[in-house]
Amino acid sequence: MSPRHRKTLVVAGHGMVGHRLVQAAIERGLTETHDIVVVGEESRPAYDRVALTSFFEVGADELSFLPSGEYDDPRVRLVLGTTVDGFDPETRTVLLSDGQVIAYDELVLATGAAPFVPPVPGHDLDGCFVYRTIDDLEAIRDAAATATVGAVIGGGLLGLEAANALAQLGLETHVVEMAPRLMAVQVDDAGGAMLVRHIEKLGLHVHTGARTEQVLGEERVEGLALAGEEPVPAEVVVFSAGIRPRDQLARDAGLDVAERGGVLVDERCRTSDEHVWAIGECAAPDGRMYGLVAPGYAMAEVVVDALLGGPGAFTGADMSTKLKLLGVDVASFGDAFAATDGALELVYADAVQGVYKKLVISADGRQLLGGILVGDASAYGVLRPMVASGIALPDNPEELILPVGRGGAEIGLPDEAQVCSCNDVTKAQILEAVGEGGACDSPSCVTKCTKAGSTCGSCKPVVKRVVEEFFAAQGKVVDKSLCEHFAMTRQELFDVVAVHGYTRFDDIIEAHGRGRGCDICKPTVASILASQLNGHVLEGPTRTLQDTNDAYLANIQRNGTYSVVPRIPGGEITPEKLIVIGQVAQDFGLYTKITGGQRIDLLGARMEQLPAIWRRLVDAGFESGHAYGKSLRTVKSCVGSTWCRYGVQDSVQLAIDLELRYRGLRSPHKLKGGVSGCARECAEARGKDFGVIATEKGWNLYVGGNGGATPAHARLLAGDLDTETLVRYLDRFLMYYVRTADRLQRTAPWIDSLDGGLERVREIVVDDALGLGSELEAAMARHVDGYFDEWKETLDDPDKLARFVSFVNAPDTPDPHISFRSEREQAVPEDSSGPVSLGTTIPVGAPR
Amino acid sequence: MSTSTDATVLTGYTLVCRVDQIEVEGGVAALVDGVAVAIFRTHDGNVYAMSNYDPCSRASVLARGIVGTRGEIPYVASPMHKQAFDLRTGQCLDDAAVRVPTYDVRVTDGMVHVGGPRQET
Ligand code: SRM
Ligand SMILES: Cc1cc2nc3c(=O)[nH]c(=O)nc-3n(C[C@H](O)[C@H](O)[C@H](O)COP(=O)(O)OP(=O)(O)OC[C@H]3O[C@@H](n4cnc5c(N)ncnc54)[C@H](O)[C@@H]3O)c2cc1C
Ligand code: SF4
Ligand code: FES
């Protein structure tokens with residue numbers, strides 16, 4: 001039997017896509033009929049160009065796709081360090097740079113793309129580089145060893161990668177971008193602005209809207225001349241101003257090329273010559289070039305399929321991108337610029353966290369079309385497949401981009417959803433790998449077996465979740481729901497309310513909850529609304545959300561009466577005011593006691609007496625004071641330097657100022673402060689949520705203290721502060737707590753719960769590492785400016801006052817259940833022995 | 001008591017207030033035959049009445065509780081220690097042994113009328 005004639009397949013270029021083609025050819029049996037010769041210009045076999053930047057950390061071996069230097073299949077021959085100089089479609093031969101001529105049956109061009117270097121004067125000086133190959137990176141590394149400043153021309157995706165690399169190499173780094181924003185192709189203006197903030201915070205200099213006119217220097221680069229701007233010094237310059245397909249071979253052979261470059265191919269990736277194919281970045285299917293690896297891989301599969309006689313076709317690709325640049329997540333997918341007719345945009349921006357997220361949604365709200373994520377791209381893994389598979393959106397699409405990992409876990413991806421776009425792996429395939437059919441027991445094993453997550457890695461979180469969900473099917477899941485009505489934490493709810501600007505509980509529960517709420521979620525929402533809107537807690541429908549103490553602006557006592565605790569800021573009070581308190585107590589028959597918070601409690605007021613008591617207090621210059629509510633209680637003070645022989649600062653003045661500044665602030669739990677005039681600490685400041693202790697030079701600020709059931713000592717946040725800085729830090733600290741703590745979580749456990757603990761707080765409050773300082777201060781300024789005396793306001797509003805009656809139909813009849821006896825010469829509650837009836841003879845008023 | 005001016009007179013019922021004097025998901029206390037009764041209005045427009053006396057804390061306070069739902073059950077949480085009471089039956093949802101008396105209640109022409117204690121099992 002004569003051996004069948006074997007054919008020869010020549011592949012020009014051994015990059016990512018050329019390698020994929022060979023792999024697929026081996027896996028799918030094409031080598032049964034074809035010998036393959038791969039010719040690669042680089043000295044190394046194919047490597048992971050997508051992860052090029054990690055070369056500096058992990059070295060070339062880690063990146064290699066073929067560490068052994070050859071394929072297992074002996075029918076594949078690899079010729080490296082050699083270029084294909086030309087080919088002749090007539091004779092079907094290729095000419096190599098070493099003079100070899102190889103005859104082919106089929107030729108695949110996989111020559112990739114080359115960085116575009118704009119022809120500015122000086123572009124070829126020593127010290128100018130491009131960023132494409134390991135060789136490029138080695139050269140950059142060598143040049144950086146003796147340099148201090150570097151510049152990258154181009155602020156696109158690759159330019160930022162290159163800037164990242166220069167910064168990692170220890171250079172002061174400038175990014176020069178002609179467009180008005182960074183990553184102009186992937187992100188919009190707002191996203192670009194957020195990106196600039198992140199990048200500048202890392203110490204890089206960003207010049208947008210800046211055109212490079214010349215590379216300065218004689219032999220070696222010295223800097224860049226920019227149009228209308230100061231020149232930028234630089235000893236290393238990296239060009240990253242886009243890429244151009246390497247289509248010269250095809251041009252020379254007379255094949256069709258696309259208008260904007262690239263070898264023109266049809267949907268089977270065949271060029272205008274039927275035995276020549278082109279794939280990857282050198283190819284332009286339908287005239288369009290794709291600068292990403294996933295479309296290239298798809299093209300490689302299509303060609304192998306075609307050579308095997310299959311029907312595969314390349315019909316366009318997902319241009320989604322996700323990357324971590326300088327530690328900043330950036331992702332852009334689908335119709336990121338809302339180009340679709342009628343498309344809606346849903347934006348979540350949090351300058352505090354440095355996060356910008358945008359969803360583009362179809363006009364009918366049912367379909368996700370695309371989006372942009374900056375600062376936190378964790379939702380990308382779920383969102384991108386939603387675009388790709390056209391899955392219907394959930395009812396509250398914004399939950400997909402709200403923080404704290406809501407996005408995803410609950411949003412069941414259908415089995416056919418593509419989880420990994422680089423390698424086209426669906427959820428079903430992953431489930432198969434972990435299920436009966438497969439033997440995988442971990443996400444990493446799944447990545448090995450299915451390739452999902454092995455390329456750009458952006459789908460790894462979803463791979464992990466799919467695997468975990470599979471294994472946790474019966475396992476216990478930690479439920480962080482607030483209550484049965486809201487499947488989210490207080491912080492998540494806080495963000496939901498902020499994003500939508502909700503002002504009514506009804507709207508919130510309708511859109512994000514179920515049922516009608518309860519005694520947990522209602523007060524929580526009331527507190528969130530109070531923090532965000534600074535309105536009156538008894539305004540309109542918010543009244544019924546309040547716990548009884550907030551609802552009646554006083555503390556309920558065991559017999560249904562209330563206590564009133566007039567505010568005495570810092571514990572300082574004039575004799576005249578002391579007398580007023582005594583008189584009010586006398587006139588209303590109230591029990592009085594000095595509290596642990598340096599003020600005086602008036603107990604035993606019937607609900608209907610409260611307004612009259614407040615009236616007396618307000619007229620005498622008091623506020624009724626918060627001993628109720630999750631809000632600031634008191635800022636306790638010692639006598640300080642005014643009197644005390646040890647005092648070094650005026651602790652009373654500061655305590656008064658702080659109490660007046662933060663009074664009324666609604667918070668996740670109550671807040672207490674203290675100020676001591678010296679280290680003897682008579683005000684027990686370190687037992688408070690925030691405590692200040694005077695030093696010779698200023699103030700030490702301590703945070704996270706409390707008494708109660710689990711006492712905690714406050715810890716030093718910053719030392720020797722002047723008063724202005726102290727207040728600024730406190731503003732930031734308290735607002736950050738208000739925004740991010742859980743319901744009923746005091747500052748100490750909240751700090752413990754933060755990743756990084758007190759150090760994290762210091763980064764945010766003192767170092768302003770997230771750049772949210774001014775935003776937090778502004779939020780506090782709004783609180784301070786918006787503060788009003790809620791008791792006085794109530795007195796002025798008949799609607800609110802109408803609530804303060806014993807019985808709606810008998811407002812003048814006191815509740816018979818309340819009675820007092822005398823103890824130590826004061827009135828105290830008489831214990832009730834059961835329901836009391838006044839009998840039917842008591843006349844009652846007609847309804848008003 | 002003066003019911004003569006009212007459009008509707010219901011025998012055995014006491015007219016206590018206009019329905020809009022009760023906030024949605026709020027409550028008021030009323031005196032009905034000398035007894036403190038808490039009257040609530042829910043989101044779906046229903047009006048319920050039960051004794052104002054919270055047997056757990058032994059205080060007359062239930063009208064001041066937060067109204068909400070547990071599953072399908074409309075309830076009020078005592079403002080004192082938050083025990084939940086089914087608005088329809090007075091049953092304490094946290095303690096099967098505790099139940100608060102409920103009252104018949106009718107709304108006519110925007111007016112709330114409370115009848116006698118309900119005799120139910
Ligand atoms: C009146 C007062 C006791 C006194 O007569 O001294 C008091 C009374 C109450 N305290 Fe207190 N606490 C009072 C000082 C304190 C102190 C001492 C202090 O502030 O220096 C502490 C320990 C310090 C601390 O908070 O870290 C204190 C730790 C608590 C706790 C435990 C908090 C914790 O984090 O574990 C509660 C329970 C809670 O808030 O959940 C509590 C709760 C309460 C409540 C609100 C309980 C309630 O719901 O009825 C009491 C009602 C006050 C009222 O009706 O007027 N009270 N309470 C003090 C009022 C101070 C003021 O002027 O505002
Ligand atoms: C720093 C960096 C980061 C990137 N990040 C991402 C990312 O996050 N996601 C993403 O999808 N893509 C990313 N890319 C793009 C991705 O690397 C390319 O899309 C992919 O490498 C294209 O594969 P290719 O095989 O077509 O081209 P290449 O990988 O460039 O391979 C072409 C090979 O052919 C060789 N060659 C050229 N001409 C000849 C010739 N005449 N004879 C012989 N050999 C020749 C070249 O030397 C090269 O080795 C990144 C690229 C860079 C540089
Ligand atoms: S803390 Fe210092 S200044 Fe204040 S009272 Fe005590 S000893 Fe005096
Ligand atoms: S999407 Fe890139 S590796 Fe899966």
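Which residue stands opposite Lys357(A) in β24(A)? In this predicted model, the residue in question is Tyr348(A), and the strand that holds Lys357(A) is a good place to begin a tour of chain A.

Strand β24 of chain A spans residues 355–361, and 7 of its 7 residues are buried, so the strand is largely enclosed by the rest of the structure. In a regular strand, side chains alternate between the two faces of the sheet. For β24(A), one side carries Val355(A), Lys357(A), Leu359(A) and Ile361(A), while the other carries Tyr356(A), Lys358(A) and Val360(A). Both faces are covered, and each of these residues is buried, the two lysines Lys357(A) and Lys358(A) included.

The pairing of β24(A) can be followed to two other strands. Strands of a sheet pair through backbone hydrogen bonds, in either the parallel or the antiparallel sense. With β23(A), residues 344–350, strand β24(A) forms 7 bridges in the antiparallel sense. The hairpin of these two strands has 4 residues between them, and Gly354(A) adopts a positive phi near 70 degrees there. Strand β25(A), residues 368–374, also runs antiparallel to β24(A), with 6 bridges joining the two. Here Tyr356(A) has Val374(A) as its bridge partner. The hairpin of β24(A) and β25(A) has 6 residues between the strands, and Gly365(A) takes a positive phi near 75 degrees in it.

Elsewhere in chain A, an open sheet is built from 3 strands in the order β13-β14-β15, with antiparallel pairing. Strands β13 (212–216) and β15 (232–233) are at the edges and have a single partner strand each, so one side of each lacks a neighbour in the sheet. Between β13(A) and β14(A), the latter covering residues 223–226, there are 4 bridges. Within this antiparallel pair, Leu216(A) lies opposite Gly223(A) of β14(A).

Turning to the helices, two packed helices are described by the angle between their axes and the distance between the axes. Helix α12(A), residues 490–500, packs against helix α14(A), residues 521–533, at an angle of about 50 degrees, and the axes are 10 Å apart. That angle makes α12(A) oblique to α14(A). The crossing of α12(A) and α14(A) is right-handed.

Finally, ligand 3 is surrounded by residues that include Cys638(A), Cys644(A), Cys678(A) and Cys682(A). Also around ligand 3 are Val639(A), Gly640(A), Gly647(A), Ser676(A), Gly677(A), Arg680(A) and Glu681(A). By residue class, this shell divides into 5 nonpolar, 4 polar and 2 charged residues.

How values were computed:
Residues are numbered from 1 along each chain as its sequence is written. Chains are lettered from A and ligands numbered from 1 in the order in which they are written. This is a predicted model: local features need pLDDT of at least 70, side-chain atom pairs count only at pLDDT 80 or more; totals for chains, interfaces and linings use all residues. Side-chain values use heavy atoms; hydrogens and water are left out. Buried means under 20% relative accessible area, exposed over 50%, partly exposed in between (1.4 Å probe, protein chains only). Two strands pair if DSSP finds at least two bridges between them. A residue is near a molecule or strand if one of its heavy atoms lies within 4 Å of it. Ala, Val, Leu, Ile, Met, Phe, Trp, Tyr, Cys and Pro count as nonpolar, Asp, Glu, Lys and Arg as charged, and the others, Gly among them, as polar. Axes are lines fitted to C-alpha atoms, for helices over the stretch in contact, and angles run from 0 to 180 degrees between N-to-C directions. Angles under 35 degrees count as roughly parallel, over 145 as roughly antiparallel, 65 to 115 as roughly perpendicular and the rest as oblique. A crossing is left-handed if the near helix is turned anticlockwise from the far one by less than a right angle, and right-handed if clockwise.
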